[in-house]
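Here are my notes for your read-through. Please keep the structure open beside them.

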Amino acid sequence: MVKKLLEEGKRAATWRPDKRLVALAAVCGLVLLSLPLLRISIYTAPWNDDYRYAIFARNFLEQERSFGSALQGAIFCVKSSCFGWQGTLSSIFFMAMAPIIWGDEYYFLGPLFLMLFLPISVMILIKSLTGILKADRASSVSLQAGIAATAVVLIYSAHGGFFWYNGGIHYVGMHSFLLLLAAAWIKLIRGSRKWSSFLLMLWTLAGALLAGGSNYVTALQGLLTGLSIAALCVILQKKRGWLLAPSLLVYAFGFYMNVSAPGNQVRSNIFRDSGLGMPALEAVGNSFLEAFRHLGEFTGLATLAMMILLFPVIRHIVKSAGHFRFRYPGLLLVWSFCLYATGFTPSLYAMGHAGLGRTLNVVKLTYQILLFVNEIYWTGWLCQKQFPKVKFWEKLWTDTGAAASFYLGMAIVMVGLFFIEPNQAATYSTFCAYYYVHSGEAANFHQEYLARVEAIKTGGDVVVVEPYYFRPAPLSPSDLGEDPAYESNESIAKWYGKQAVICKKREE
């Protein structure tokens with residue numbers, strides 16, 4: 001009996017998890033972390049700009065109940081905004097086509113789409129990058145799920161990224177389209193079957209128009225990324241780089257239409273009259289300062305822990321990529337930092353500060369992806385330099401029970417980091433969603449929202465509603481005001497065809 005127990009213990013000590021098991025665990029982890037977000041989506045409620053942009057398509061839709069009429073309304077909204085506010089054509093189109101135009105009960109489909117679209121787009125981009133290294137499927141899936149989970153759980157502002165459709169689609173949604181475009185560019189260069197290449201070409205044309213006409217952070221970073229990939233193709237003398245030319249021309253056209261729209265000058269004059277914004281060159285210089293200032297905030301201990309957790313998988317991938325030469329990692333680091341810094345330039349130029357939470361969502365997303373790309377590249381460079389000489393990581397991946405101990409230890413560390421975090425709900429989007437769902441605050445807030453909508457619909461031309469009692473910050477960061485001229489009050493009043501909506505407590 002003792003001998004048998006010793007043999008079992010020896011086998012347990014030399015056990016190492018199969019790559020497919022690690023991949024399955026990573027995917028399961030991503031799914032479990034996403035479930036609270038998907039659950040809270042049914043409690044989301046429209047706010048301010050949701051009404052202001054969607055009202056165009058809704059009004060057209062009321063004239064003729066058809067998808068075509070809704071499209072006409074969205075296009076009218078795009079034209080109105082281009083001449084009166086800003087030129088972000090593709091973003092505005094999606095804002096106008098908010099699910100709420102079909103009915104209040106369909107609003108949740110917008111946040112639900114954002115919550116699913118972000119991790120899928122991140123995984124597709126990482127898949128295209130690991131394809132360059134010819135990584136095995138299991139290792140690639142592990143890396144995809146790990147990086148996607150980092151982007152979703154550690155998003156800068158859950159409200160601006162997921163729970164508010166208008167702000168989320170303008171930034172996170174359009175940035176997700178850019179990630180898919182970048183993945184298609186990489187796939188085109190690597191080569192594929194003629195039919196696949198044709199479909200990729202079609203998508204790059206559509207993706208270029210979407211990204212080029214989106215928010216200015218995404219539009220600028222996408223243009224620089226595309227030009228960088230094209231320049232790399234020229235340096236490496238890759239003939240397939242010519243396949244990028246059509247989409248880059250479309251991107252340039254969309255970007256020009258975006259930044260040259262007359263509404264941009266109207267918006268700029270309003271900000272300048274308010275003392276906001278700064279000169280272009282000053283904004284570029286300050287972008288690098290803001291990039292340095294946000295390094296610690298965007299990284300954090302949780303991100304560093306995830307980098308360590310994924311390191312064995314990354315090392316295995318780069319060690320197996322004998323065909324790929326990891327040269328000049330310093331150049332990649334400098335390019336990455338410059339691209340990341342451009343995320344602050346539009347906000348500095350327009351408003352004089354680093355940006356609102358919904359803007360910083362995509363700045364941080366770019367930073368996170370570049371951080372992992374640099375980890376992969378620098379690890380490959382160090383491995384090819386055979387530094388460090390210690391074979392601890394190889395031992396961790398290939399034999400002994402160190403693998404199980406490592407993953408268990410990292411799990412304990414990450415749980416510990418969660419408990420010592422002073423503001424868990426603001427830091428971890430998953431916990432934020434879980435907390436407000438299971439505390440009942442999300443459901444109570446939604447019931448109050450439904451009651452408010454019913455009161456407005458059945459009320460007279462001037463409706464008085466009470467402030468929300470339950471107002472979870474990620475679902476409702478602010479409320480209507482007593483002044484009917486307040487922007488949010490006006491938006492909801494126009495949506496329901498009222499002269500005014502006033503929000504104040506009833507007198508006892």
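The numbered points below go through cores, helix contacts and single residues.

1. **Status of the model.** This is a predicted model. Please read every point below with that in mind.

2. **The largest core.** The largest nonpolar core holds 118 residues. Which of them touch the most other members? They are I40, V122, F162, F163, Y340 and F344. Helix 18, residues 357-384, gives this core its largest share, 12 residues. Another core lies apart from it, with 18 residues. Its members include L178, I229, C233 and L248.

3. **F163 in detail.** F163 is among the residues of the largest core that touch the most other members. What does F163 contact beyond its neighbours within four places in sequence? From residues earlier in the chain, the list includes L37, I40, T44, Y107, P111, M115 and A158. It also holds C432, P474 and L475. One of these partners, I40, is itself named among the residues of the core that touch the most other members.

4. **S429, at a long sequence distance.** S429 is found in helix 22, residues 429-438. Is S429 buried or exposed? S429 counts as buried because its relative accessibility is 3%, and the cut-off for buried is under 20%. S429 and L154 are 275 residues apart along the chain, yet their C-alpha atoms are separated by 6.4 Å. Leaving aside neighbours within four places in sequence, S429 is in contact with L37, V152, V153, I155, A158 and F162. L37 and A158 also appear in the contact list of F163.

5. **S157, in a loop.** S157 lies in the loop between helix 7 (137-153) and helix 8 (158-163). At 18% relative accessibility, S157 is still buried, because the limit is under 20%. Not counting residues up to four places away in sequence, S157 touches G357 and N361. Helix 18 spans residues 357-384.

6. **Helix 5 and its cover.** Helix 5 runs over residues 89-96, and its buried residues are S90, S91, I92, M95 and A96. What covers them? The cover includes helix 3 (49-63), helix 4 (67-84), helix 9 (165-190) and helix 10 (194-212).

7. **I92, inside helix 5.** I92 lies in helix 5. Its relative accessible area is 0%, so I92 is buried. I92 and I75 are 17 residues apart in sequence and 8.8 Å apart in space, C-alpha to C-alpha. Setting aside residues up to four places away in sequence, I92 touches Y53, C77, V78, S81 and Q86.

8. **Helix 3 against helix 24.** Two packed helices are described by the angle between their axes and the distance between the axes. For helix 3 and helix 24 (residues 487-495), the axes come within 9 Å and cross at roughly 20°. That angle makes helix 3 roughly parallel to helix 24. The crossing of helix 3 and helix 24 is left-handed. Helix 3 brings Y51, R52, A54, I55 and R58 to the contact, and helix 24 brings E487, S491, I492, K494 and W495. By class, this contact of helix 3 with helix 24 has five nonpolar, one polar and four charged residues.

9. **Helix 9 against helix 11.** How do the axes of helix 9 and helix 11 cross? They come within 10 Å and cross at roughly 10°. The two helices, helix 9 and helix 11, are therefore roughly parallel to each other. On the helix 9 side, Y171, M174, H175, L178, W185 and I189 take part. They meet T218, Q221, G222, T225, G226, I229 and C233 in helix 11. By class, the contact of helix 9 with helix 11 has seven nonpolar, six polar and no charged residues. L178, I229 and C233 are also among the members of the 18-residue core.

10. **Two positive phi values.** Most residues other than glycine have a negative phi. N48 is not a glycine, yet has a positive phi of about 45°. N48 sits in the loop between helix 2 (19-40) and helix 3. Q237 is also a residue other than glycine, with a positive phi near 55°. Q237 lies in the loop between helix 11 (216-235) and helix 12 (245-259). Which of the two is buried and which exposed? N48 counts as buried, at 10% relative accessibility. Q237 is exposed, with a relative accessible area of 69%.

How values were computed. Residues are numbered from 1 along each chain as its sequence is written. This is a predicted model: local features need pLDDT of at least 70, side-chain atom pairs count only at pLDDT 80 or more; totals for chains, interfaces and linings use all residues. Side-chain values use heavy atoms; hydrogens and water are left out. A nonpolar core is a set of buried Ala, Val, Leu, Ile, Met, Phe, Trp, Tyr and Cys residues joined through side-chain atoms within 4.5 Å. Buried means under 20% relative accessible area, exposed over 50%, partly exposed in between (1.4 Å probe, protein chains only). Helices (H or I, at least four residues) and strands (E, at least two) are DSSP runs, numbered from the N terminus. Contact means heavy atoms within 4.5 Å. Axes are lines fitted to C-alpha atoms, for helices over the stretch in contact, and angles run from 0 to 180 degrees between N-to-C directions. Angles under 35 degrees count as roughly parallel, over 145 as roughly antiparallel, 65 to 115 as roughly perpendicular and the rest as oblique. A crossing is left-handed if the near helix is turned anticlockwise from the far one by less than a right angle, and right-handed if clockwise. Ala, Val, Leu, Ile, Met, Phe, Trp, Tyr, Cys and Pro count as nonpolar, Asp, Glu, Lys and Arg as charged, and the others, Gly among them, as polar.
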